[in-house]
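Look at the model below and follow the text alongside it. The paragraphs move from a single residue to helix packing and then to the nonpolar cores.

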Amino acid sequence: MHGRLVAGDPTALAVVHERYARYLLAVAARVTGDADAARDVLQEVLVAFWQHPLRFDPDRGELRTWLAVLAHRRAVDWVRREIARRPTDLVARALAEQSDGPAADRDFLEREDADAVRAAVAALPVKLREVVELAYFRELTYREVAIRLAIPEGTAKSRMRAALSALALTLTRLGAAP
């Protein structure tokens, strides 16, 4: 298998993907806690292996083990980047609890279900929560949110739609008005 990859045989990479993708995805998901990030890590590992197959030495160990180490390292790097790039959960929750933000509807926040809204925003996954916070508490447009997060504008819009859907579902379950 390794020789075929060194020779540039794309079917060999397909075989590697078929054999190890599930395992590598599980390793990455365990570290990142994020399915999208785990898929990105898997892709990075396989692309790196495709581009530099000679970095693997079959005399030193199994391919599965070597790929798992790569996936683990890349996943840890992803987590470190996310921690450095995003506010901590404590800061995010504090932002969600601000009731005097310029875009906040003061009348709505004074209602009794304001706590439910704050809790629902705080419970969103980080990627969705940050889009909501930037758009509503900082009054940024989709384009500005995308630039701030270094993501495509379409991704910012998709995350906002997903966040608003999740909030509506959560608030409906809690009996609060979405």
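**From one residue to the cores**

Leaving aside its neighbours within four places in sequence, T32 is in contact with A37, A38, A75, W78 and V79. The model is a predicted one. T32 is found in helix α2, which covers residues 10-32. Is T32 buried or exposed? Its relative accessibility is 12%, and buried means under 20%, so T32 counts as buried. The side chain of T32 also has a polar partner: one of its polar atoms lies 3.2 Å from the backbone oxygen of D34.

Two of the contacts of T32, A37 and A38, are among the residues of α3 that meet α2. On the α2 side, the residues involved are P10, L13, V16, H17, A21, L24, L25, A28, A29 and T32. On the α3 side, they are A37, A38, R39, V41, L42, V45, L46, F49 and W50.

How are these two helices placed relative to each other? Two packed helices are described by the angle between their axes and the distance between the axes. For α2 and α3, the axes come within 8 Å and cross at roughly 140 degrees. Angles over 145 degrees count as roughly antiparallel and 65 to 115 as roughly perpendicular; α2 and α3 are therefore oblique to each other. Their crossing is right-handed.

The next topic is the nonpolar side chains. In soluble globular proteins, nonpolar side chains tend to be buried together. In this model, the largest nonpolar core has 22 residues, and V16, L24, V45, F49, L63 and L67 touch the most other members. Helices α2 (10-32), α3 (35-51) and α4 (63-85) each supply at least two residues of this core. The largest share, 8 residues, comes from α2.

L24 can be followed through its contacts. Not counting residues up to four places away in sequence, L24 touches L42, V45, L46, L67, A68 and A71. Of these, L42, V45 and L46 are in α3, where they are part of the meeting with α2.

A second, separate core has 20 residues, including V131, V145, M160 and A163.

A last stop is R129, which has its place in helix α8, residues 126-137. How does R129 compare with the 20% limit for buried residues? The relative accessibility of R129 is 5%, so R129 counts as buried. Its side chain reaches the backbone oxygen of L124 at 3.0 Å.

Conventions
Residues are numbered from 1 along each chain as its sequence is written. This is a predicted model: local features need pLDDT of at least 70, side-chain atom pairs count only at pLDDT 80 or more; totals for chains, interfaces and linings use all residues. Side-chain values use heavy atoms; hydrogens and water are left out. A nonpolar core is a set of buried Ala, Val, Leu, Ile, Met, Phe, Trp, Tyr and Cys residues joined through side-chain atoms within 4.5 Å. Buried means under 20% relative accessible area, exposed over 50%, partly exposed in between (1.4 Å probe, protein chains only). Helices (H or I, at least four residues) and strands (E, at least two) are DSSP runs, numbered from the N terminus. Contact means heavy atoms within 4.5 Å. A polar contact is a pair of N or O atoms within 3.5 Å; within protein, one must be able to donate a hydrogen and the other to accept it, and residues adjacent in sequence count only if both atoms are side-chain atoms. Axes are lines fitted to C-alpha atoms, for helices over the stretch in contact, and angles run from 0 to 180 degrees between N-to-C directions. Angles under 35 degrees count as roughly parallel, over 145 as roughly antiparallel, 65 to 115 as roughly perpendicular and the rest as oblique. A crossing is left-handed if the near helix is turned anticlockwise from the far one by less than a right angle, and right-handed if clockwise.
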